[in-house]
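Trainee: Before we discuss particular residues, may I ask how each descriptive term is justified?
Mentor: Please put your questions one at a time, and we shall set each value against its definition.

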Amino acid sequence: MAARVIVIGTGPAGVRAAEALVEVGLRPTVIDEGRRDGGQIYRRQPEGFTRSYDTLYGTESARAAALHESFDALRGRIDYLPETLVWNISTNAVHLVSGASYRTLEFDALIICSGATDRLMPVKGWHYAGTYSLGGAQVALKSQGCSIGSRVVLMGTGPLLYLVAAQYVKAGAAVSAVFDTSTLLQRLTALPKLLAIPAALKKGIALMSVLRKARVRVYRGVRPLEIGGSPAHGVSHVDVALQSGMPFKVACDAVALGYHLRPETQLADLAGCEFSFDEATQQWLPAIDEDGRSSVKGIYLAGDGARIRGADAAERSGRLAALAAMQDSGLKVEGLAALREQLQVFSRFAAGLRAAFPWPARFASMLPDETIVCRCEAITAGELRRVVRETGAQEANRAKAFSRVGMGRCQGRFCAHAGAEVIAAAASVPLASVGRLRGQAPVKPLPVTLVAQEEASE
């Protein structure tokens, strides 16, 4: 096995990948943008905070504790680089920045466990202060021990919607309402696939029970209309159409939005990995084989950064990718078949979640022209439609060139999916034909004062 192995990420996939490498005597370099390990779902609270695991992680407290304990046991057997951003990947090398210094590390094998971020559909008024993604609302609670507001509305669909709502309730925050765009019928129809993992289904029911006991109002089958507010004072209320079609308003001072998750694929893109359009999820995903091998030799993808299947699946795919890397180096490994079989079960469950909580693509064509789609560049749905109509731009990068959509600091993380839906609807073409925004380095903004680490040490 090549000695120079790098793992990016210390979430469930990254920790288990590093663990598998250490078990055979390797000392991988483990890089993470965060201050502490755990990833998004098992994000650790800052040093000095004393909230219990049950308070922080609820039904996932035991798994969070197990992952943290595993990583603590690895600390002396890995080269750990926290608060370090991988901002680019070139042939057999990663480019890092930490603080105001940068350096390059070469690798023989690279396992990218980049995790996921919220998949978002714009709504009129979502640019007002007080509007967060579900993931952002969760980070505020876990990392800073605070709520995003004194009266919070959570809106979107998917398991994360209910997980964050339950976590806020347990933390003592005031949840004014939960607006779910999916329906009860969709959930019942998806039940056979959800039964692939009864324990996970049971956890979902437990989250609903937390909300019922707290008397949090949950509305299903809604269509978001507007987040009301003003530039001076931020969010003041949310307007929706209930399943019956009746308009409904709830006063609040903060909103958390999210529709499932999307893989963080920018690093895979910069590494030159091939992508293909996935019809099931209606998004572009990096091509991988069943063990996590990408199209680029020596680069492996694992966890939610490759396929959204949840934290438990991420742990298994991280270990599987590490085993694949070792196998490719000539080492004899065991356990691949069992991990593949387990991941197939998680894939069936993930398909059930997509059916139960579908991505609301239809909302894109209904967005009022004045709705901001790209919050970084303040590009509206109307501007995107004008670009399609007047320039004939029906491909994402061409529309980006004419409108600047996706050119901001988030580089399309928040707007690319919905922007593509708006373009497809305006041009009356299939979503796949719109393509995807090409990744560019740096993946996130860098300090202008960067110096090489060797120069900084001198």
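Mentor: Helices and strands here are DSSP runs, a helix needing at least four residues and a strand at least two, numbered from the N terminus. The model is a predicted one.

Trainee: Where does H260 lie with respect to those runs?
Mentor: H260 falls in the loop between β16 (254-259) and β17 (261-263).

Trainee: What makes H260 count as buried?
Mentor: The relative accessible area of H260 is 19%. Buried means under 20%, so H260 is classed as buried.

Trainee: What is notable about the phi of H260?
Mentor: Phi of H260 is near 65°, a positive value in a residue other than glycine. Most residues other than glycine have a negative phi.

Trainee: Which other residue that is not a glycine has a positive phi, and where is it placed?
Mentor: Q411, with a phi of about 55°, lies in the loop between α14 and α15.

Trainee: Why is Q411 called partly exposed?
Mentor: Its relative accessibility is 26%. Partly exposed covers the range between the 20% limit for buried and the 50% limit for exposed, and therefore Q411 is partly exposed.

Trainee: How do you know that T157 is buried, and in which element is it found?
Mentor: T157 is found in strand β10 (residues 152-157). Its relative accessible area is 0%; the cut-off is under 20%, so T157 is buried.

Trainee: What makes the pairing of T157 with S182 a polar contact?
Mentor: The side chains of T157 and S182 are joined at 3.2 Å. A polar contact requires N or O atoms within 3.5 Å, one able to donate a hydrogen and the other to accept it, so the pair qualifies. Leaving aside residues up to four places away in sequence, T157 touches S182 and also H260, among others including F357 and P358.

Trainee: How do you know that the span of α3 agrees with expectation?
Mentor: Helix α3 (residues 61-74) has 14 residues and reaches 20 Å from its first C-alpha to its last, close to the 20 Å expected at 1.5 Å a residue. Among its buried residues are L67, F71 and L74. The buried residues of α3 pack against α1 (12-23), α2 (53-57), β3 (79-81) and α10 (311-328).

Trainee: Which residues of α13 are buried, and what do they pack against?
Mentor: In α13 (residues 381-391) the buried residues are A381, G382, L384, R385, V387 and V388. They pack against α12 (363-366), β21 (372-374), β22 (379-380), α14 (396-403) and α15 (416-427). Just after α13, G392 takes a positive phi of about 75°.

Trainee: What makes the peptide bond from A441 to P442 cis?
Mentor: Its omega is near 0°. P442 has its place in the loop between α16 (431-434) and β23 (451-452). Most peptide bonds are trans.

Trainee: How do you know that domain 2 and domain 3 meet?
Mentor: The domain assignment gives 119-259 for domain 2 and 361-434 for domain 3. Contact means heavy atoms within 4.5 Å, and 13 residues of domain 2 are in contact with 15 residues of domain 3. The area buried between these two domains is about 1300 Å², with carbon and sulfur atoms giving 68% of that area. Their centres, taken over C-alpha atoms, are separated by 25 Å.

Notes. Residues are numbered from 1 along each chain as its sequence is written. This is a predicted model: local features need pLDDT of at least 70, side-chain atom pairs count only at pLDDT 80 or more; totals for chains, interfaces and linings use all residues. Side-chain values use heavy atoms; hydrogens and water are left out. Buried means under 20% relative accessible area, exposed over 50%, partly exposed in between (1.4 Å probe, protein chains only). The expected span of a helix is 1.5 Å times one less than its number of residues. Domain bounds come from an automatic or database domain assignment. Buried area is the accessible area (1.4 Å probe) that two parts lose on being put together, summed over both.
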